[in-house]
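Trainee: I am new to this structure and would like a close look at a single part of it. Please take the second largest cavity and describe what surrounds it.

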Amino acid sequence: MTPAAEERRVRVVLVDDHRMFRTGVQAEIGDTESTGVEVVGEAADVDQAVTVVTATRPDVVLLDVHLPIGGGVEVLKRCAPLIADADQPVRFLALSVSDAAEDVIGVIRGGARGYVTKTITGPDLVNSIFRVADGDAVFSPRLAGFVLDAFASSEVSPADEDLDRLTQREREVLRLIARGYAYKEVAKQLFISVKTVESHVSAVLRKLQLSNRHELTRWATARRLV
Amino acid sequence: MVGGVARGLAGHLSMPVSWVRVVFVVLATIHGLGIPLYAVFWFVVPLGVGGVSEAKEPRDAKSWLAGRRPDRRQIVALVALACGIGTLLDNTNFGAANAYIWPLLLIGLGAALVWRQADNVRRARWVAMSRRKRFWPLARGAAGVLLVGAGVTGFLVVQGSVGHLGTILQAALAVLVGVALIAGPYLVRMAQDLSAERRERIRAQERAEVAAHVHDSVLHTLTLIQRNAENPREVTRLARAQERELRAWLHRPGGNGRDDEPTTLAEAIRRTAAEVEDAHGVPVEVVCVGDCPLDDRLAAQLQAAREAMVNAAKYGGDGGVQVYAEAEEAKVFVSVRDRGPGFDPEAVPADRMGVRESIIGRMRRNGGEARLRSAPGGGTEVELEMERSATI
């Protein structure tokens, strides 16, 4: 089912306060034989999530953005040492029904490596999990659109030229992703390798996380409506 | 212009406002007759009765909000009013009763000020006064009380009972304090109960509204989904439409999700995508970057995009349609892609009006450009590009 599954196993923890949704995801991706994904734990709230993640040290955490008390951002905050771990980092992939810009930007800046909506198909989700496990970033079309919007929206000269601007190439890549291209298709279109696409996206992710342009936050709150 | 009486009357009699105003002014010059008439109408006629036409209401509200600092027209009206009162007083000679006129006038004015508060409370409900405006009703109330007090005192003075004034005031004060002591706790409790009740009522109202909405939309859709359980396409369509509507409702309190004609590109694209999605039961994902107001050329581009979406929904298989719109400084770019089998643009028969005319032709006629190509990885992509008009 997955192209990336070269006999690889990725250990995953599901964090979501809806049991029905956890069951659904488990059913869709949890068949280790065919997908290479092994669900090693589940959690329904922030405290549980931190405990389970610390105990199991998974490769990837599928994190619901809207958890009671604090939300996904709180989990990210409290797991920060695990994310920063050099040897065996825990990576977070945010999963949500919300398309609100503030939520998306919030979890990304909190340290998540990607953002997908809950409508994503099983195979796509497995793909994204592997990609995140490899340390790459996963951008949905919508997230790409948000980022383009956020970085384009200002005429104010940036404080840090490196962090506050997207390069022409990064912009092109994001634009194609926003148009619904998969990484492979982006690579083909721009005559570059998939690896290069991934590195561009990772660079954008880094900018998104590290740039302290206050416009980013302001933009996100101003765009409450989606 | 002072109290909106003329407008109200005009609405009631369905005559132009200016006519009513002229009549008032003319009446005012004849022995100042218009002034008391106006005052009586202002005081007696309840607000909003007699139909201030709806279109005018926002303007009214705005002028009331904009200004405790009365605008120039209001000042003119007030000056006219003062003149009118002057003539009125000049023309009326009550002889011996003259001494009572001023106190009575003061009392009347004070009472009017206090009583008009009720109107303001009602108006506040429509206008949603901002907090700092609270000062004004208070000041007005105080002024009213002061005026009434002065009037009553004046009355007493005129009647020649000045000598007893001190005693009378003392007695009155004692009675007032006594009444306040006895009735105070009840009054306080009553006020608290009242506000609690009001809060409760507001909450209940809110709940009822949410319940009504959920009932009208979500429950309805769920019923429809159950009934269409064996038709996955229809179920998807229903679910998507409901999701969209619910999101719009959640994010836009006050709106009902079915607002008026869109005026900006992003809004219009989303609307169009929603319509196509509803009509064809294929999910249409929209990503918008930037936004700009719609004009004729963009409307044409929107039409072309709609045609492209319809095509993609019809022939693009079940993979869904991805729409991307970006408003740049100089141009607007829209792309529509599907993941269907794709087709050869050259092989499109001339009678397929859809692509040739509605998309490519329409874009060219409006000074834009349309490109049609198969996307890498399968599917078809339509790219629409339109220069933005220089004047915005």
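Mentor: What follows goes through the cavity, its lining and the sheet and helices of chain A. The model is a predicted one, and every value below is computed from it.

A search of the whole structure finds three cavities of 30 Å³ or more. The second largest has a volume of about 50 Å³. Its lining consists of A:Leu14, A:Val15, A:Asp16, A:Phe21, A:Arg22, A:Val25, A:Leu62, A:Leu63, A:Asp64 and A:Leu95. By class, seven of these residues are nonpolar and three are charged, with no polar residue in the lining. Three elements of chain A each supply at least two lining residues: strand 1 (10-15), helix 1 (19-29) and strand 3 (60-64).

The two strands can be taken together. Strand 1 and strand 3 of chain A pair in the parallel sense, over four bridges. Within this pairing, A:Val15 has A:Leu63 in strand 3 as its bridge partner, and both residues also belong to the cavity lining. Helix 1 of chain A packs on the sheet and touches strand 1, strand 2, strand 3 and strand 4 (91-96) of chain A. The direction of helix 1 makes about 170° with that of strand 2 of chain A.

Now the sheet as a whole. It is an open sheet of six strands in chain A, in the order 2-1-3-4-5-6, with parallel pairing. Strand 2 (37-43) and strand 6 (138-139) of chain A stand at the edges; each has a single partner strand, so one side of each is left without a neighbour in the sheet.

Strand 3 of chain A also has helix 4 to consider. Helix 4 (residues 71-78) of chain A lies across strand 3 and strand 4 of chain A, and runs at about 150° to strand 3. The buried residues of helix 4 are A:Gly71, A:Gly72, A:Val75 and A:Leu76. These buried residues pack against strand 3 and strand 4 of chain A, and also against helix 3 (46-56), helix 5 (80-84) and helix 6 (101-110) of chain A.

To return to the cavity: strand 1, helix 1 and strand 3 of chain A each give at least two residues to its lining. Of these, strand 1 and strand 3 are paired with each other, while helix 1 touches both of them. Strand 3 is in addition one of the two strands that helix 4 of chain A lies across.

Notes:
Residues are numbered from 1 along each chain as its sequence is written. Chains are lettered from A and ligands numbered from 1 in the order in which they are written. This is a predicted model: local features need pLDDT of at least 70, side-chain atom pairs count only at pLDDT 80 or more; totals for chains, interfaces and linings use all residues. Side-chain values use heavy atoms; hydrogens and water are left out. On a 1 Å grid over the protein atoms alone, a cavity is a set of points where a 1.4 Å probe fits but cannot get out, and a pocket is an open set with protein on both sides within 12 Å along at least five of seven lines; lining residues have an atom within 4 Å of a point. Grid points are joined across faces, edges and corners, and a volume is the space filled by probe spheres set on the points. Ala, Val, Leu, Ile, Met, Phe, Trp, Tyr, Cys and Pro count as nonpolar, Asp, Glu, Lys and Arg as charged, and the others, Gly among them, as polar. Two strands pair if DSSP finds at least two bridges between them. Contact means heavy atoms within 4.5 Å. Axes are lines fitted to C-alpha atoms, for helices over the stretch in contact, and angles run from 0 to 180 degrees between N-to-C directions. Buried means under 20% relative accessible area, exposed over 50%, partly exposed in between (1.4 Å probe, protein chains only).
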